[in-house]
Amino acid sequence: MVYVALISYTPDPERTIAAAARVSTSSVGATKLMEELTPQAVDRLLTRLIASGHLSPFEHASFTFAIEGLSRVTSHQLVRHRMASYTQQSQRYVSLKELDYITPATISAKPELEARYHDMVRAAHRLYLEMLDAGIPAEDARYVLPQATETRLVMTMNAHELIHVCSLRLCLRAQWEIVELFERIKAEVEKVAPRLGAELKPKCYRLGYCDEAESCGIFPTATEVTRERR
Ligand SMILES: Cc1cc2nc3c(=O)[nH]c(=O)nc-3n(C[C@H](O)[C@H](O)[C@H](O)COP(=O)(O)OP(=O)(O)OC[C@H]3O[C@@H](n4cnc5c(N)ncnc54)[C@H](O)[C@@H]3O)c2cc1C
């Protein structure tokens with residue numbers, strides 16, 4: 001199961017975003033604004049920025065997460081988000097003497113197939129170990145490892161990108177493991193920046209409709225909305 005810990009972040013992230021935003025219209029600088037802005041003013045400002053789509057000030061607050069127990073299936077999807085920094089455990093430099101891997105619930109629900117799944121993964125790992133013993137470098141032996149193999153990484157993402165990525169990956173039509181990952185990321189952000197954390201939500205909550213071909217049922221699709229209006 002995926003594990004997420006917020007290991008570091010911009011101090012006072014919401015005030016930093018608000019002070020940065022106010023610099024554009026204020027006669028004083030960000031240092032003074034950081035002292036003067038009340039929690040209520042910060043909250044109001046963040047609400048206004050989000051409503052108007054002025055999200056660049058959110059780039060002044062960054063969050064660094066330790067992520068573990070994620071499959072390679074999902075880390076591949078994660079790193080498609082380009083406005084972030086990643087450092088991932090290398091399968092070239094780290095030989096996997098033990099293999100930790102993810103078993104999706106749909107497979108666990110079918111015991112016969114689950115048993116074959118485990119057999120297949122273990123057989124792949126045995127061959128991997130045999131190849132290492134035969135002197136094949138880890139960077140080549142790893143070709144046999146399944147995508148279910150767990151990985152660990154560190155990810156730094158600013159608040160603008162977090163809002164964007166959560167709008168895509170908290171969608172219930174996204175793949176379950178990446179939904180779980182971003183649910184945990186949201187929970188970590190909420191602990192230190194609750195106003196920002198509340199903005200980490202699927203895009204339909206902002207749009208008021210679902211822009212996917214099929215809705216999960218929370219909001220109607222754009223086509224259904226248009227049909228209702230006719
Ligand atoms: C449900 C789901 C299913 C998906 N299925 C597939 C699939 O089948 N195959 C597949 O290949 N991918 C798939 N993807 C990945 C998807 O196509 C994107 O690559 C991924 O979500 C990264 O998002 P992004 O491009 O919005 O933004 P990020 O990389 O997170 O960047 C954020 C924003 O910055 C801007 N930006 C970043 N880089 C550039 C650039 N070079 N030029 C201009 N603007 C830029 C864009 O506005 C972008 O939205 C899927 C994603 C989701 C959420």
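A salt bridge is a side-chain nitrogen of Lys or Arg within 4 Å of a carboxyl oxygen of Asp or Glu. The side chains of E199 and R206 meet this criterion, with an N to O distance of 2.8 Å. The structure discussed here is a predicted model.

**Salt bridges**

A search of the whole structure finds 13 salt bridges. Three of them are listed below.

| Pair | N to O distance |
|---|---|
| E199 and R206 | 2.8 Å |
| D43 and R195 | 3.6 Å |
| R184 and E180 | 3.7 Å |

The bridge between D43 and R195 links distant parts of the chain, with the two positions 152 residues apart in numbering. D43 belongs to helix α3 (residues 39-52), while R195 belongs to helix α10 (residues 194-198). D43 has a relative accessible area of 35% and is therefore partly exposed. R195 is at 16%, so this residue counts as buried, the cut-off for that class being under 20%.

In the pair of E199 and R206, E199 is buried because its relative accessibility is 7%. R206, at 37%, is partly exposed. These two residues also take part in a wider arrangement: D43, R195, E199, K201 and R206 are linked in a network of salt bridges.

The bridge between R184 and E180 lies within one element, since both residues are in helix α9 (residues 176-192). They are four residues apart, about one turn of the helix. An α-helix has 3.6 residues a turn, so residues three or four places apart point the same way. Both ends of this bridge are partly exposed: R184 has a relative accessible area of 27%, and E180 has one of 25%.

**Helix α1 and the loop before it**

How many of the eleven residues of α1 are buried? Eight are, so the helix is largely enclosed by the rest of the structure. The buried residues in α1 are P13, E14, R15, T16, I17, A18, A19 and A21.

D12 is placed in the loop between β1 (3-9) and α1 (13-23). The backbone of D12 has a positive phi of about 45°, although D12 is not a glycine. With a relative accessibility of 41%, D12 counts as partly exposed.

**Aromatic pairs**

A pair of aromatic rings is described by the distance of the centres and the angle of the planes. The count for this structure comes to three aromatic pairs. One of them, Y101 with Y117, is tilted, at 6.2 Å centre to centre and 55° between the planes. This pair links distant parts of the chain, 16 residues apart: Y101 sits in the loop between β3 (84-88) and α5 (105-108), and Y117 in helix α6 (residues 111-133). Y101 is buried, at a relative accessible area of 18%.

Y205 and F219 form an edge-to-face pair, with 5.3 Å centre to centre and 85° between the planes. Here too the pair links distant parts of the chain, 14 residues apart. Y205 is in helix α11 (residues 203-207), and F219 is in the loop between α11 and α12 (222-229). Y205 is partly exposed, at 42% relative accessibility. F219 has 21% and also counts as partly exposed, because buried means under 20%.

Terms used: Residues numbered from 1 in each chain as written. Predicted model: local features only at pLDDT ≥ 70, side-chain atom pairs only at ≥ 80, totals over all residues. Heavy atoms only, no water. Buried < 20%, exposed > 50% of the residue type's maximum accessible area, 1.4 Å probe, protein only. Phe/Tyr/Trp six-rings, centres within 6.5 Å; stacked < 30°, edge-to-face > 60°.
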